Amino acid sequence: MMAHTLRFCLPTPAQCATMDEAASRITGIAALMDRAGWAVAQAVRSRFAPCRVLVLCGPGNNGGDGYVAARYLERARWPVQVAALAEPREGGPAAEAARLFRGNRVAFTPENARRADLVIDAVFGAGLDRAPADEVMNVIREAGTLVAVDLPSFVNGKTGAALAEGPDYALSVTFVRPKPGHILPPGRVTRGELVCADIGMPMRCLEAAAPDIWLNQPGLWSVPAMKPEDHKYSRGVVSLCGGRIMPGATRLAAAGARASGAGLVRISAGRAAEAYRLGAPGLVIDDAPLAALLEDERRKVWLCGPGLTEDEVEATLPVLVAAGRVVLADAGALGWAAGAPDKLRGVSVITPHIGEFAGLFGKPGDDRVQAVRDAARELDCVVLLKGSVTVIAAPDGRVALNDHATPALATAGSGDTLSGVIATLLAAGMPHWEAACAGAWLHGEAGLNAGNWPIVEDFDGHLGDARARAIALAADAACDD
Ligand SMILES: NC(=O)C1=CN([C@@H]2O[C@H](COP(=O)(O)OP(=O)(O)OC[C@H]3O[C@@H](n4cnc5c(N)ncnc54)[C@H](OP(=O)(O)O)[C@@H]3O)[C@@H](O)[C@H]2O)[C@@H](O)CC1
Ligand SMILES: [K+]
């Protein structure tokens with residue numbers, strides 16, 4: 001793995017345990033815990049005026065961070081109390097942190113939470129492995145303003161799922177790297193503002209954790225830049241299958257492909273060719289039979305599904321796969337394969353929304369990352385599950401979470417644009433997972449820059465700049481490492 005990809009990794013709680021274990025053999029956990037608690041105290045001090053703070057401490061190292069934070073806040077002369085759910089295990093770093101806190105201790109009760117101006121929740125963090133008891137949740141629910149150490153104590157750090165019903169937090173302070181549960185909903189909302197503190201974790205400990213989930217950012221992948229010697233075939237040819245009834249979707253995908261930098265975009269429209277020829281003049285419309293078009297070896301990448309009926313998919317997708325083409329299947333192609341995902345075998349990338357995903361593989365449940373990863377393994381192709389946070393899995397188990405997006409993207413035709421962008425990046429020669437990740441990011445960047453209440457056609461005007469920005473950011477990331 002390239003070192004700079006560690007910058008964007010999102011270790012799971014299990015991987016954090018491996019990292020902690022490795023760290024305990026190098027720096028010791030106590031030093032890391034001290035910096036973690038200090039970072040919590042600093043984050044609180046820089047955001048809130050001095051006020052009555054109650055720190056809720058659990059029995060593990062999350063609680064240990066809480067005792068350290070309490071000690072540093074008290075040293076800054078804030079009125080602080082600690083309420084312990086249970087005492088830490090004797091001999092561990094949390095017990096030592098508890099011993100060093102000499103301030104006020106009160107009972108772990110809802111009344112004490114209600115009396116505080118600010119409650120710091122250091123009950124459970126990465127070690128949360130089951131729903132907290134009512135005894136815990138009744139206290140958390142009584143708090144006014146909440147700050148989480150690492151994670152809210154009822155949010156699963158791997159999936160973002162809430163294991164109990166609880167309030168939203170003002171702030172979460174995590175360490176080393178955010179966890180998937182900070183990025184995935186509903187944890188993404190519950191955690192409030194996210195601060196990730198550098199606590200001096202040695203990089204080899206992070207490496208030892210072998211993270212396999214990443215935040216989707218330029219630098220995780222890089223998009224080809226324009227070269228002086230480029231010609232349209234080196235930039236890449238995108239071919240789309242066009243149908244007779246819904247040409248709009250195919251055209252939107254074609255426009256997305258063109259706007260994101262494809263050298264040439266062609267629609268294979270058969271008998272519907274005349275209708276497509278009335279569209280954008282920069283598009284090439286073919287009416288020859290598919291078999292004849294496939295004689296052109298330069299036409300490697302095909303997008304099949306947007307605007308197609310199931311019959312039209314049936315007539316095209318198997319032919320493209322049999323011809324060894326790189327096929328991106330979306331929309332109609334996913335409906336065609338509902339209940340029989342094997343029909344998509346041989347396809348390189350699929351881009352379902354949640355309904356299409358459920359039709360193919362069943363509902364993803366709480367652990368969306370695992371569901372998408374399983375689907376990618378099962379079909380041996382890249383699976384991109386669209387959502388407010390898009391999950392992109394490779395058959396080898398790598399997963400990227402794309403939160404570089406805006407609700408403005410949630411408009412009809414937006415998915416067609418996205419598939420066109422990904423097709424362009426595949427045609428430019430990017431590996432399949434990287435192309436899907438980069439496509440999601442470019443699409444999000446275009447949406448973020450398309451102004452208020454954009455319609456889908458507005459995104460196209462921002463895709464070129466999005467690509468240029470991705471190239472610049474990836475270059476920066478490479479320089480920094
Ligand atoms: N990674 C880093 O860089 C660093 C990480 N650090 C910090 O370490 C934290 C992880 O610490 P951790 O591994 O000790 O786990 P933690 O969250 O304290 O919980 C374990 C305890 O909770 C218990 N328990 C769990 N669920 C429960 C439930 N529902 N109901 C009741 N009990 C429950 C569980 O009990 P058991 O399951 O054994 O019965 C066990 O006693 C991490 O979040 C971060 O804050 C920093 O200090 C240093 C650098
Ligand atoms: K916590």
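The following exercises, each with a worked solution, concern a predicted model.

**Exercise 1. The shell around ligand 1**

Determine which residues come nearest to ligand 1, which elements give two or more residues to its shell, and how the shell divides by class.

Solution.
- Step 1. The shell holds 32 residues, of which Gly-60, Asn-61, Asn-62, Gly-125 and Gly-127 come nearest to the ligand.
- Step 2. Two or more residues each are given by helix H1 (13–24), helix H2 (29–45) and helix H3 (61–75).
- Step 3. H3 supplies the largest share, five residues.
- Step 4. Sorted by class, the shell around ligand 1 has 19 nonpolar, eight polar and five charged residues.

**Exercise 2. A dispersed annotation**

State where the residues Asn-61 and Asp-150, both listed by UniProt under "binding site" in an unreviewed entry, are found, and decide whether each is buried or exposed.

Solution.
- Step 1. The UniProt list comprises Asn-61, Asn-62, Gly-63, Gly-64, Asp-65, Asp-150, Ala-249, Gly-307, His-353 and Asp-416. These positions are spread over 356 residues of sequence and also in space, with up to 56.4 Å between C-alpha atoms.
- Step 2. Asn-61 is found in helix H3. Burial requires 20 or more other C-beta atoms within 10 Å; Asn-61 has 26 and is therefore buried.
- Step 3. Beyond its neighbours within four places in sequence, Asn-61 is in contact with Ile-29, Met-33, Pro-93 and Ala-94.
- Step 4. Asp-150 is found in the loop between strand E5 (145–149) and strand E6 (171–175). It has 29 C-beta neighbours inside 10 Å, so Asp-150 counts as buried.
- Step 5. With neighbours within four places in sequence left aside, the contacts of Asp-150 are Asn-62, Gly-125, Ala-126, Thr-174 and Phe-175.

**Exercise 3. An annotation gathered at one spot**

Examine the UniProt "binding site" annotation (unreviewed entry) that covers Lys-386, Gly-387, Ser-388, Val-389, Thr-390 and Gly-415, and establish whether these residues gather or spread in space.

Solution.
- Step 1. The residues span 30 residues in sequence, but no two of their C-alpha atoms are more than 13.9 Å apart, so they gather at one spot.
- Step 2. Lys-386 is found in the loop between strand E15 (382–385) and strand E16 (390–393), whereas Gly-415 is found in helix H18.
- Step 3. Lys-386 is buried because 25 other C-beta atoms lie within 10 Å. Gly-415 has 26 C-beta neighbours inside 10 Å and therefore counts as buried.
- Step 4. Not counting residues up to four places away in sequence, Lys-386 touches Thr-351, Pro-352, His-353 and Gly-415. On that basis, the contacts of Gly-415 are Asp-330, Ala-331, Thr-351, His-353 and Lys-386.

**Exercise 4. The geometry and packing of helix H20**

Compare the span of helix H20 (residues 456–480) with the expected value, locate its bend, and identify what covers its buried residues.

Solution.
- Step 1. H20 has 25 residues, which at 1.5 Å a residue should span 36 Å; the end C-alpha atoms are 35 Å apart, in agreement.
- Step 2. A bend of about 40° occurs in H20 at His-462.
- Step 3. The buried residues of H20 include His-462 itself, along with Val-456, Phe-459, Asp-460 and Leu-463.
- Step 4. The cover over the buried residues of H20 includes helix H11 (247–259), helix H18 (414–427) and helix H19 (432–449).
- Step 5. Glu-445 is found in H19 and touches His-404, Ala-466 and Arg-469, residues up to four places away in sequence not being counted. Glu-445 is buried because 23 other C-beta atoms lie within 10 Å.

**Exercise 5. Unusual backbone geometry**

Find where the cis peptide bond lies, and describe the positive phi values of Val-176 and Ala-331.

Solution.
- Step 1. As background, most residues other than glycine have a negative phi, and most peptide bonds are trans.
- Step 2. The cis peptide bond joins Pro-185 and Pro-186, with omega about 5°. Pro-186 is placed in the loop between helix H7 (180–183) and helix H8 (187–190).
- Step 3. Val-176, although not a glycine, has a positive phi of about 70°. Val-176 lies in the loop between E6 and H7, and it counts as buried because it has 23 C-beta neighbours inside 10 Å.
- Step 4. Ala-331, likewise not a glycine, has a positive phi of about 45°. Its place is the loop between strand E13 (326–329) and helix H15 (332–336); with 25 C-beta neighbours inside 10 Å, Ala-331 counts as buried.

How values were computed: Residues are numbered from 1 along each chain as its sequence is written. Chains are lettered from A and ligands numbered from 1 in the order in which they are written. This is a predicted model: local features need pLDDT of at least 70, side-chain atom pairs count only at pLDDT 80 or more; totals for chains, interfaces and linings use all residues. A residue is near a molecule or strand if its C-beta atom, placed from the backbone, lies within 6 Å of it. Helices (H or I, at least four residues) and strands (E, at least two) are DSSP runs, numbered from the N terminus. Ala, Val, Leu, Ile, Met, Phe, Trp, Tyr, Cys and Pro count as nonpolar, Asp, Glu, Lys and Arg as charged, and the others, Gly among them, as polar. UniProt positions are given in the numbering used here, feature names are shortened, and annotations may be inferred rather than shown by experiment. A residue is buried if 20 or more other C-beta atoms lie within 10 Å of its own, exposed if 12 or fewer, and partly exposed in between; C-beta atoms are placed from the backbone. Two residues are in contact if their C-beta atoms, placed from the backbone, lie within 7 Å. The expected span of a helix is 1.5 Å times one less than its number of residues. The bend at a residue is the angle between axes fitted to the seven residues ending there and the seven starting there.
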